[in-house]
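This report covers the helices, the strand pairing and the charged side-chain contacts of one protein model. The sequence and the coordinates come first, and the text follows them.

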Amino acid sequence: MLTQQVLHLPPQKLFLCYSPLDVRKIPSFVNCKNGYVHSYSRVNALTLDELPPNALRRKREPQWRGGFSLGLDLGLARTGLALSKGFSIRPLTVLELRGQKLELRIVNIAEQEEVDEFIIGLPKSADGKETPQSNKVRSVAGRLAVQAAERGWRVYLQDEHGTTTEAMDRMVNMGLSKSCQQKKLDAFAAMMVLERYFSTSGEGTELVLPKNLELQAKLQRGPPKDVDFFSDED
């Protein structure tokens, strides 16, 4: 059982998140004579039912309109991007950036394309286990989730095992030259991630949540409505 403990800490709240599927322990601080009493409250984590990916929402609500998705195939040196608008999925671009520059560029592209969710390929082995590269992808996904939540966008992870091979086969069938295949492989791999995501109606995705509860509240509200797209009755 958790016990109360007096801590000499500044008057602020700390937010800890262990997993989207677990119950979070959220420390709160109450002013007292000798400092601050540290206590825990329990809050249910957000789920896919509360923040469904576009593919799942499309399955549940066939008449639903809207929802643009940006697929990402994150690599050590190159990152492929693909875009889904409506039922059209296409390779978008390949970025040769890393770190903060990469993340800022991804957010800028998302703004330009008016997307409201990121579908990030998560590397896994043939037996479904995560790889050393999985941790790196999770780190990037976590940082993107913070920036995305500020805008009401959601971030999901999708198993990407085999998508590079699928992308290569697709380009060969299209008759693309070897030089073109080399340049566009990562973007086509991102497209394969999106195609797998939509083919399963988003049911195999994993929601990536920021730790801050204010950001989670922004996620629940979603992105601001486009006044040119929505009517007064929506």
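Helix α5, which spans residues 178-199, has a bend of about 60° at Lys-184. The model is a predicted one, and the bend, like every other value here, is computed from it. After α5 comes Ser-201, with a positive phi near 60°.

**Strands β4, β5 and β6**

Strand β5 has antiparallel pairing with β4, over seven bridges. It also has antiparallel pairing with β6, and seven bridges join those two strands. Within the β4 pairing, Gly-71 lies opposite Ala-82 of β5. Within the β6 pairing, Gly-80 is bridged to Val-94 of β6.

Both connections are hairpins, and their lengths are given for each. Four residues make up the hairpin from β4 to β5. The hairpin of β5 and β6 has two residues between the strands, and in this hairpin Gly-86 has a positive phi near 70°.

How many of the seven residues of β5 are buried? Six are, so the strand is largely enclosed by the rest of the structure.

**Strands β7, β8 and β9**

Strand β8 covers residues 154-159, and five of its six residues are buried, which leaves the strand mostly covered. Strand β7 (residues 117-122) runs parallel to β8, and six bridges join the two. One bridge of this pair has Leu-122 as the partner of Asp-159 in β8. The strands β7 and β8, together with helix α3, form a β-α-β unit that is right-handed.

Strand β8 also pairs with β9 (residues 206-208), in the antiparallel sense and over three bridges. Here Tyr-156 is opposite Leu-207 of β9.

Helix α3 of this unit contains Ser-134. Is Ser-134 buried or exposed? Its relative accessible area is 0%, so Ser-134 counts as buried, the cut-off being under 20%. Leaving out residues up to four places away in sequence, Ser-134 touches Leu-122 and Pro-123. Leu-122 is also the residue bridged to Asp-159 in β8.

**Salt bridges**

The count of salt bridges in the model comes to 15. Three of them are listed here with their N to O distances.

| Acidic residue | Basic residue | N to O distance |
|---|---|---|
| Glu-96 | Arg-78 | 2.8 Å |
| Glu-113 | Lys-85 | 3.2 Å |
| Glu-103 | Arg-143 | 2.8 Å |

The side chains of Arg-78 and Glu-96 form a salt bridge at 2.8 Å. Arg-78 sits in the loop between β4 (68-74) and β5 (79-85), and Glu-96 in the loop between β6 (88-95) and α2 (99-113), so this pair ties together parts 18 residues apart in sequence. Arg-78 is partly exposed at a relative accessible area of 24%, whereas Glu-96 is exposed at 57%.

Glu-113 and Lys-85 meet through their side chains at 3.2 Å. Glu-113 belongs to helix α2 and Lys-85 to strand β5, so the salt bridge ties together parts that are 28 residues apart in sequence. Glu-113 counts as buried, with 17% relative accessibility. Lys-85, with 32%, counts as partly exposed.

Between Glu-103 and Arg-143 the side-chain salt bridge has an N to O distance of 2.8 Å. Which helices hold the two residues of this pair? Glu-103 lies in α2 and Arg-143 in α3 (residues 132-150), so parts that are 40 residues apart in sequence are tied together. Glu-103 is buried, at a relative accessible area of 6%, while Arg-143 is partly exposed at 39% relative accessibility.

Which residues are joined into one network by salt bridges that share partners? They are Arg-78, Glu-96 and Asp-186.

Methods
Residues numbered from 1 in each chain as written. Predicted model: local features only at pLDDT ≥ 70, side-chain atom pairs only at ≥ 80, totals over all residues. Heavy atoms only, no water. Salt bridge = Lys/Arg side-chain N within 4 Å of Asp/Glu carboxyl O. Buried < 20%, exposed > 50% of the residue type's maximum accessible area, 1.4 Å probe, protein only. Contact = heavy atoms within 4.5 Å. Bend = angle between axes of the 7 residues up to and from the residue. Pairing = 2+ DSSP bridges. Right-handed = clockwise from strand over helix to strand, strands pointing away.
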